[in-house]
Each structure stands twice: as structure tokens, then as C-alpha cells.
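Student: I have a structure open and would like to go through the labels attached to it. For each one, I want the value and the reasoning.

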Amino acid sequence: MERSKKPSAINAPSGGPQPQVDISSDNSKVTASLPTGESVDVLLHGATIISWKSGKQENLWLSEKAVLDGSKAVRGGIPVVFPVFGPPPANHATSKLPQHGFARTSRWEYLGKSTSESGALSQGGDDCVKLDFGLSSSNLSADAKKAWPYDFGLIYSVTLGRDGLQTVMNVRNEGKQPFEFQFLLHTYLAVKDISKVTVTGLMGATYTNKVLNATNHTETHAALPITAETDRVYASIAQDTTSVLQDGKPRFDVVRDNLDDAVVWNPWREKAAAMGDFAPKDGWRNMLCVEVGSVNGWQKLEAGDTFEAGQVIKSLL
Ligand SMILES: O=P(O)(O)OC[C@H]1O[C@@H](O)[C@H](O)[C@@H](O)[C@@H]1O
């Protein structure tokens, strides 16, 4: 599929200090950092970004009890949701998969780095670094392969720039039959105090309110406060950018590319207490998930076709 908004290429390296990329000695994590102090940590387990720092400031929330050894999806950071969002519907090809699919619990392969083609975040030269991760049907566990028997290839590109992080997924149908999928980036943003957070860029969008018996509504808030358990799936949002404000000041811009939907989730006190891997127990005060995706209905990919989509998150300090 041709993308309407392809990231532009960056200029040739300037010869100054270079971004650094390290692979942990146990081969479980890739860390990239820029000479200007930004860094990102990506686990091969789930290709889950578990840390993204702008200088000393951590932008992502990660549970103190997150399980990082590959036995369970990570509670925090940016888990990748594919090929189904939420509990799979009974009458669909994904019906035998676990909630949110297998991408977040599979081990991905690190495909390498580049600094020459980093796109949307670059201001020129080598001020960005792009890490590529791959997952294909041949790397899946026997259980996942059996539950969703399609041939596919995913390439997930994580680009660290000075003022933002870009995450882009390329999905390719490598089989002979079409398949349908959903995709979402389950970003846990770190916030100082949820009681002083508002979310903009959703006004006028219709949403399913999962905490109100999955009823449908239209967003009427220009700046949505988060005052209780929140689990809303917004569909076909007109604006590209969803912003998180702290104390009325912009803290994050989340810019969608070729993705129309977004979930806003905070479990609040009781649901957080019920999650064994959620810590500290009052951690819900310091996080908000703004999850961009394509989750209303299905993306259909014919044999040989590709789909590409992602987000840029800007940390506005
Ligand atoms: O506990 P999980 O599987 O990581 O899911 C967390 C949440 O993920 C959100 O995307 C869903 O909208 C919520 O309903 C869900 O509770």
C-alpha cells in the first residue's frame, strides 16, 4: 500500500558525535542514545520500548512489577498490539488468540540501525537513530502459529530524535490468502499527577465507553479531564494529534500517521489494585495510556500487500 505521508529522508551525516547503539550482554535489549542525551531502551521481548528519556526525564511509565523476562506482556512502556485489539471476537479468524494478540509476547529479532533515513524527527545530519525489529510467522510460537495460521512479516522501526520518538509498523502479507488484522501502540505515558491532566484533540469523535457497558458517545470536551477509571476507544478521529496537558501546559503530542483510532485508558485505583503486575499501587496517578491504532473494524491485506502506519510522540518539556 502506498502511504500518503511518507517520512522524508534526512541529510548526510555531519561528522559530529554519533548516536550510540548497544545490545545488552544477554541479548535481550537494545539501547540507543543521542549525543544530546536522549535515549530509548527496546526489549526484544515484544519489541517493547520500556524507556524513552529526554535528558534525565523519563517519558514512559513502567510498572515496578513489570515482567521483563519474556513470560508475559510488559506492563508499561509501549507494548505492540497485533493482530487483534482486546479480547478477540468469537466469530473471527483471530478468535483463538489471547487479548491484544501475540506481538507483545513474541521474541522479535533486532535487524539493525540506521542514521541516514530517519525521517520525521530529523532536523538534518545524524541527529536521529532508527532501530528496526522484525517478527514473522516463522518466528512465532507453535501455539500462536496454530491459532493464527497466516504468513506475515512485521518490521517495526523505532526512531529516536532530539524532540521525539517515532514508532512505525510495516505489515506484509507473505502468504497466498488475504488476512484481517488490527494494530495498536499501547503507549503508557508518564504524567506527574493524573488529577491535573487533560487530553485534547478528541472533540467531536465518537467513542465506545468500555466502562459504561461499551455504549457509544460523542466527545464533547475540548480538554478531557481524567477523573475516574477511563477506557474509551475513539474512532475515526478527525485531528492527527492527541495532546496530553499537565497543569494546562502541553506535555506530549501524539501524532498519528495512517491510524484513525485512539484509546485513552487509566485503570484508576480498583483496577490497578487487581493487576498483579501493576506497581506501585498508586501508580495509576502517574500514567495515562494514549494508544493509537486501527482497531475499529479490520485492516484487510491481500496476498503480497503491505500496510504501514505509526506515530510520533513529542515530549514537550
Ligand atoms: O491488561 P492488558 O491486556 O494489558 O490490557 C490493558 C488495557 O488495554 C487497553 O487498551 C484496553 O482498552 C483495556 O480494556 C485493557 O484493560
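## Labels and their grounds

Tutor: Start with Ala 144 in this predicted model. Beyond its neighbours within four places in sequence, Ala 144 is in contact with Leu 97 and Phe 102.

Student: What makes those pairs contacts?

Tutor: Contact means heavy atoms within 4.5 Å, and Leu 97 and Phe 102 are the residues in contact with Ala 144 once neighbours within four places are left aside.

Student: Why is Ala 144 called buried?

Tutor: Its relative accessible area is 9%, and the cut-off for buried is under 20%, so Ala 144 is buried. Ala 144 sits in helix α1, residues 142–147. Between Ala 144 and Val 199 the C-alpha distance is 36 Å, with their positions 55 residues apart in sequence.

Student: How do you know that the chain is as compact as a globular protein of its length?

Tutor: The protein chain has two helices and 22 strands. Its radius of gyration is 19 Å, and the globule rule gives 20 Å for 317 residues; the values are close, so the chain is as compact as a globular protein of that length. Buried residues account for 55% of the 317.

Student: What is notable about the phi of His 100?

Tutor: Most residues other than glycine have a negative phi. His 100 is not a glycine, yet its phi is positive, about 65°. His 100 belongs to the loop between β6 and β7.

Student: Is His 100 buried or exposed?

Tutor: Its relative accessible area is 6%; buried means under 20%, so His 100 is buried.

Student: Why is Ala 214 called partly exposed?

Tutor: Ala 214 has 46% relative accessibility. Partly exposed lies between the 20% and 50% cut-offs, so Ala 214 counts as partly exposed. Ala 214 also has a positive phi, near 55°, and lies in the loop between β14 (206–209) and β15 (215–218).

Student: Which peptide bond at Pro 83 is called cis, and what is its omega?

Tutor: The bond joining Phe 82 and Pro 83 is cis, with omega about 0°. Pro 83 is in the loop between β6 (80–81) and β7 (109–114). Another cis bond runs from Ala 279 to Pro 280, where omega is near -5°. Pro 280 lies in the loop between α2 (268–274) and β21 (287–301).

Student: How many disulfides does a search of the whole structure find?

Tutor: Zero. A disulfide would need a pair of cysteine sulfur atoms within 2.5 Å.

Student: What makes Cys 128 buried?

Tutor: Cys 128 has a relative accessible area of 0%, and the cut-off is under 20%, so Cys 128 is buried. Cys 289, at 0% relative accessibility, counts as buried too.

Definitions and conventions: Residues are numbered from 1 along each chain as its sequence is written. This is a predicted model: local features need pLDDT of at least 70, side-chain atom pairs count only at pLDDT 80 or more; totals for chains, interfaces and linings use all residues. Side-chain values use heavy atoms; hydrogens and water are left out. Helices (H or I, at least four residues) and strands (E, at least two) are DSSP runs, numbered from the N terminus. The radius of gyration is taken over C-alpha atoms; the globule rule is 2.2 Å times the number of residues to the power 0.38. Buried means under 20% relative accessible area, exposed over 50%, partly exposed in between (1.4 Å probe, protein chains only).
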